[in-house]
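User: I would like to go through this model with you, beginning with the ligand site. Could you take my questions in turn?

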Amino acid sequence: MRSKQNIGIIGLAVMGKNLALNIADHGYTVSVFNRSAKRTEEFLAKCVSTALKGYFTLEEFVQSLELPRKIILMVKAGNAVDATIRQLKPYLTEGDVIIDGGNSYFEQTINRSKELEAEGFHYFGVGISGGEEGARTGPAIMPGGDEKAYELIQPILTNISARAEGEPCCHYIGRDGAGHFVKMVHNGIEYADMQLICEAYLILKNMLNMSPPDLHAVFKEWNQGELNSYLISITSDIFTKKDLDSDNYLVDMILDVAGQKGTGKWTSQAALDLGVSIPTITGAVFERYLSSAKDLRMAASQLYGGSIKSEQKTTDFAESVRKALYASKICAYAQGFSLMLEASKHYGWNLNLSNIAKTFRGGCIIRAQFLNKIAEAYQTEPELANLLMNNYFKTSIQQYEQAWRNVVSTAITSGIPVPAFSSAISYFDSFRTHTLPMNLLQAQRDYFGTHTYKRIDKEGTYHTQW
Ligand code: 6PG
């Protein structure tokens, strides 16, 4: 009798294919299935490894797997996940494990978990980050599901994940939707991180007249220090690429209209639902929306003479931009992590924010040296209410505050759009302001709607005939 395969993957788009190869590289046998047989055939034709076997019916695919079966779904988030589960179920046995490795919306994962666990299956929503390359060589992995059943998949997931500081970038996150929630917030932070880098680029380009080679050198240098990260490193690379169809650098030939698949929007929606302020992440989502109104922006630029007024600065201004970027980045991460903290309480996930920061240190898109500092902060203070309350981050912000204010105000005076930089500094200012003007707001609410207010000097709820 043919021996059974260790694990199965359904969905052979690029992430599924690369994950299958990665798992096989680690000594596991893998069965693969794809809705269109052609893709399976093409994949197998290129595959030299005997650890991979392809199947053309779901029944044969399921039967090829050892018990309890472990099946990773690498299909498009949404209806395709439900359809695949529906088709799979008749062939499964109690105790089998279904792992959704896509970017599913966490609430759908919660619902699917409930349903499948009631039927005797184990269901995991697993965030996988790192794009094509990460899937192939080691992604960051965020598994959510039943903690006991996690033992069944932990060895494989840990083995195939990236490593950072010698540790696997894969930690159990929490029940049902926790893994997908954390992956979603990873993406929200990614949106903010990218937007901040783009604003730094716009400032350097306009205020220091930097060319792509200059920008390459600046980002390369920044990547040697505390901003060291995957996103800064690829940004530096991007500025070296020449266009094949013109004499220009490729970056200057790319249309300034941002795409998105929706995970940044979901992060913002979750923050609104949970009542957490994440303006830099949300600002980054809104800026992508605004970028797509290209025709209208062009018309407005005619109307207002919208070109940026460039005020040339000396090169040490670049160092101020670096400081402003770092301080803003701290605020963006503080927002993302406070969203996870609130979700943890709301959904009872008991998230370990230090382990989450450790998971983000390697393999994923936001991987950065700075995550070591976040991991340390939550390790020493697991109950930390906000990253800005941690000593290391307090010192960084205080050291950079003047440069940060200078960069943001100069950008605004010069008409350079900096929604993420300015929202980050406003977030910090609101956060550290002892008395916000909400006393007046409460008075207004009470004035027009008898919404009542509280007083600073005594207990109780008050209403005034204004
Ligand atoms: C990852 C990425 C990935 C996503 C990109 C693009 O962690 O590997 O986050 O999940 O493909 O971030 O997202 P947008 O198309 O929304 O920019």
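User: What is the distance from an oxygen atom of the ligand to an N or O atom in the side chain of serine 129?

Analyst: That distance is 2.4 Å. Please keep in mind that this is a predicted model.

User: Which polar backbone atom is 2.9 Å from a ligand oxygen?

Analyst: It belongs to glycine 130. In addition, a polar atom in the side chain of lysine 183 lies 2.8 Å from an oxygen atom of the ligand.

User: How much of the ligand does the protein bury?

Analyst: The protein buries 79% of the 420 Å² that the ligand exposes when taken alone. As for its location, the ligand sits in the second largest pocket.

User: Which residues come nearest to the ligand?

Analyst: Of the 13 residues around the ligand, the nearest are Ser129, Glu190, Tyr191, Lys261 and Arg288. By character, the shell consists of seven polar, four charged and two nonpolar residues.

User: Which helix gives the most to that shell?

Analyst: Helix H8, spanning residues 178-207, does so with five residues.

User: And why does the ligand lie between domain 1 and domain 2?

Analyst: It lies between them because domain 1 (7-180) and domain 2 (183-431) both give residues to the shell around the ligand.

User: Turning to the backbone, where is there a cis peptide bond?

Analyst: Leucine 67 and proline 68 are joined by one, with omega at about -15 degrees. Proline 68 is located in the loop between helix H3 (58-63) and strand S4 (70-73).

User: Which residue has a positive phi although it is not a glycine?

Analyst: That is aspartate 176, with a phi of about 25 degrees. Aspartate 176 is in the loop that runs between strand S9 (167-168) and H8. H8 is also the helix that contributes the most residues to the ligand shell.

Conventions
Residues numbered from 1 in each chain as written. Predicted model: local features only at pLDDT ≥ 70, side-chain atom pairs only at ≥ 80, totals over all residues. Heavy atoms only, no water. Near = heavy atom within 4 Å. Polar contact = N/O pair within 3.5 Å; in protein donor to acceptor, adjacent residues only side chain to side chain. Areas by Shrake-Rupley, 256 points an atom, 1.4 Å probe, with all protein chains shown as cover. 1 Å grid on protein atoms, 1.4 Å probe; cavity = no way out; pocket = protein on both sides within 12 Å on 5 of 7 lines; lining within 4 Å. Sits in = over half its atoms within 2 Å of the grid points. Helix = DSSP H or I, 4+ residues; strand = E, 2+ residues; numbered from the N terminus. Nonpolar A, V, L, I, M, F, W, Y, C, P; charged D, E, K, R; others polar. Domains from an automatic or database assignment.
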